[in-house]
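Here are a few exercises to work through with the model open in your viewer. Try each one before you read its solution.

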Amino acid sequence: METEPRSTPHLLLVPFPAQGHALPLLDLAALLASRGLRLTVVTTPANAPLLSPLLAAHPGSVQPLVLPFPAHPSLPPGLENTRSCPPSYFPVFIHALAALRQPVLAWARSNSHPVAAVVSDFFCGWTQPLAAELGVPRIAFSPSGVLGTAVPHSLFRRLVKRPSDADDGFGVSFPAIPGEPAFQWREISGMYRGYMEGQAGEQVGEAVRQNFLWNLESWGFVSNTFRALEGRYLESPLEDLGFKRVWAVGPLAPEASSSGDRGGEAALVAGDLGAWLDGFPQGSVVYVCFGSQAVLTPAVATALAEALERSAVPFLWAAGDGAVLPEGFEARASAARRGLVVRGWAPQVAILRHAAVGWFMTHCGWNSVLEAAAAGVPMLAWPMTADQFVNARLLVDEARVAVRACAGGIGVAPDAGELAAVLAGAVGEGGSAARARAKELAAEAAGATKEGGSSRQDLERLVLEIQKL
């Protein structure tokens with residue numbers, strides 16, 4: 001007796017509107033679509049252009065669901081993405097986006113293709129009760145590593161408090177995580193510290209905490225990481241992630257890209273930057289970039305500029321539009337033919353893969369971490385906020401592909417002389433061990449996503465589980 005063929009599973013994807021969150025989830029969407037799954041991606045008008053490459057590559061299996069961005073009294077009208085926003089906006093976005101629950105639910109109930117599962121960013125915890133109302137599982141997508149995901153969930157689960165008489169050096173330990181990592185209070189996510197200190201307001205603060213608690217009710221986590229980097233956190237389910245399964249499917253960053261518009265319109269095309277880099281010996285240039293969120297204060301930018309000049313290392317600095325640099329710095333660097341400052345978006349993947357780039361000074365945002373790891377470039381770790389101190393610990397102390405550049409956090413200016421010494425030492429013989437380990441990690445990252453690799457296997461297992469729904 002013939003059985004009726006199973007219909008193609010239909011997934012509802014919900015990104016969080018921040019470049020470091022949305023881009024890897026859209027990369028995952030492309031992988032799922034290429035394996036025959038049908039996808040609908042929730043977006044808002046200003047964020048819809050981010051979907052263009054995905055829609056063009058998979059016109060028959062991916063569709064957008066464009067909804068108005070919910071108005072919120074703490075957000076300026078027309079603001080729909082956290083790019084270039086201060087970190088204090090993230091909790092407000094989490095609270096605001098929860099208002100999409102009812103329109104998404106109404107769409108799902110009226111759609112001719114029933115949703116089989118919801119895959120959403122871990123800042124979109126409101127999709128957990130949405131999935132429950134639809135009677136389907138929800139998978140929480142983490143754009144961070146497993147360690148960087150477990151730490152904030154542990155905090156919101158346990159509600160660790162800083163004693164009233166303690167300063168920012170107060171230590172917070174995580175006994176349920178392998179290795180029992182510990183961090184100073186200043187190194188803990190600003191979102192959590194703001195919640196505990198009442199800075200976000202009652203409604204926004206409770207929405208943030210509930211967001212993390214909802215994640216612990218999910219079917220499991222999909223993490224943009226790989227076993228060679230975070231194997232100790234994948235060996236067994238973690239208590240701080242609700243003992244949920246974790247599929248490690250990274251690195252989700254593209255293997256190669258000649259495009260400069262991944263996440264933004266490039267200030268200079270990759271070819272022009274490549275031509276400039278061609279003038280330097282292999283591995284001699286330090287690439288400096290702190291992502292789309294951090295805007296350096298004038299004091300921090302001045303200290304960094306002075307350190308770059310003192311160290312005499314060749315550099316390419318993606319400074320962003322808002323950075324205030326010392327007067328004459330850019331002209332001196334250009335005249336010496338030793339440095340270049342890029343204003344606006346830089347084609348980071350292409351830059352990191354250029355042979356002349358030997359080091360990456362980074363805020364340790366997870367997308368940047370994986371792009372550097374895939375390119376085999378060691379890092380100068382300068383964490384600012386969010387999960388970045390956790391990532392820096394992983395890179396420096398465990399993976400050994402980074403050295404510490406500055407540990408003060410966002411707004412804290414380093415000593416220019418000390419930073420210059422770190423730069424010179426890394427480019428010299430002192431950085432040889434990290435450079436060698438970075439090459440090894442790149443080979444492991446490439447192997448993870450190939451046939452038979454750990455991340456490829458986890459991806460196929462995830463698809464198989466979804467097809468069974």
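**Exercise 1.** Work out how well covered α3 is and which of its residues are buried.

*Solution.* Keep in mind throughout that this is a predicted model. Start with the count: seven of the nine residues in α3 are buried, and the helix is mostly covered. Next, put names to them: F90, P91, V92, F93, I94, A96 and L97. Finally, look at what covers them: the buried residues of α3 pack against α1 (19-34), α4 (101-110), α7 (190-196) and α8.

**Exercise 2.** Describe how α3 and α8 pack, from geometry down to residue classes.

*Solution.* Take the geometry to begin with. Helix α3 spans residues 89-97 and α8 spans residues 202-215; their axes are 9 Å apart, at an angle of about 80°. Angles of 65 to 115 degrees count as roughly perpendicular, so α3 is roughly perpendicular to α8. Now list who touches whom: α3 brings P91, V92, I94 and H95, and these meet Q203, V204, A207, V208 and N211 in α8. Sorted by class, that contact has six nonpolar residues, three polar ones and no charged ones.

**Exercise 3.** Find where L159 and C364 sit, and decide whether each is buried, partly exposed or exposed.

*Solution.* Begin with the backbone. L159 has a phi near 55°, positive even though the residue isn't glycine. C364 isn't a glycine either, and its phi is also positive, at about 70°. Then place them: L159 is in the loop between α6 (146-158) and β6 (171-173), while C364 is in the loop between β13 (357-362) and α14 (366-375). Last, check accessibility. L159 has 27% relative accessibility, so it counts as partly exposed. C364 comes in at 0%, so it counts as buried.

**Exercise 4.** Locate P251 and say what kind of peptide bond leads into it from G250.

*Solution.* P251 falls in the loop between β9 (245-248) and α10 (270-277). Check omega for the bond from G250 to P251: it is near 0°, so the bond is cis.

**Exercise 5.** Characterise the contact between domain 1 and domain 2.

*Solution.* Set the bounds: the domain assignment gives 10-249 for domain 1 and 270-446 for domain 2. Their C-alpha centres lie 27 Å apart. Count the participants: 31 residues from domain 1 and 21 from domain 2. Between them the domains bury about 2200 Å², with 61% of it on carbon and sulfur atoms. On the domain 1 side, E187, F226 and L229 supply 24% of the area buried against domain 2, more than any other three residues.

Technical notes: Residues numbered from 1 in each chain as written. Predicted model: local features only at pLDDT ≥ 70, side-chain atom pairs only at ≥ 80, totals over all residues. Heavy atoms only, no water. Axes fitted to C-alpha atoms, helices over the stretch in contact; angles between N-to-C directions. Helix = DSSP H or I, 4+ residues; strand = E, 2+ residues; numbered from the N terminus. Parallel < 35°, antiparallel > 145°, perpendicular 65-115°, else oblique. Contact = heavy atoms within 4.5 Å. Nonpolar A, V, L, I, M, F, W, Y, C, P; charged D, E, K, R; others polar. Buried < 20%, exposed > 50% of the residue type's maximum accessible area, 1.4 Å probe, protein only. Domains from an automatic or database assignment. Buried area = accessible area lost by both parts, 1.4 Å probe.
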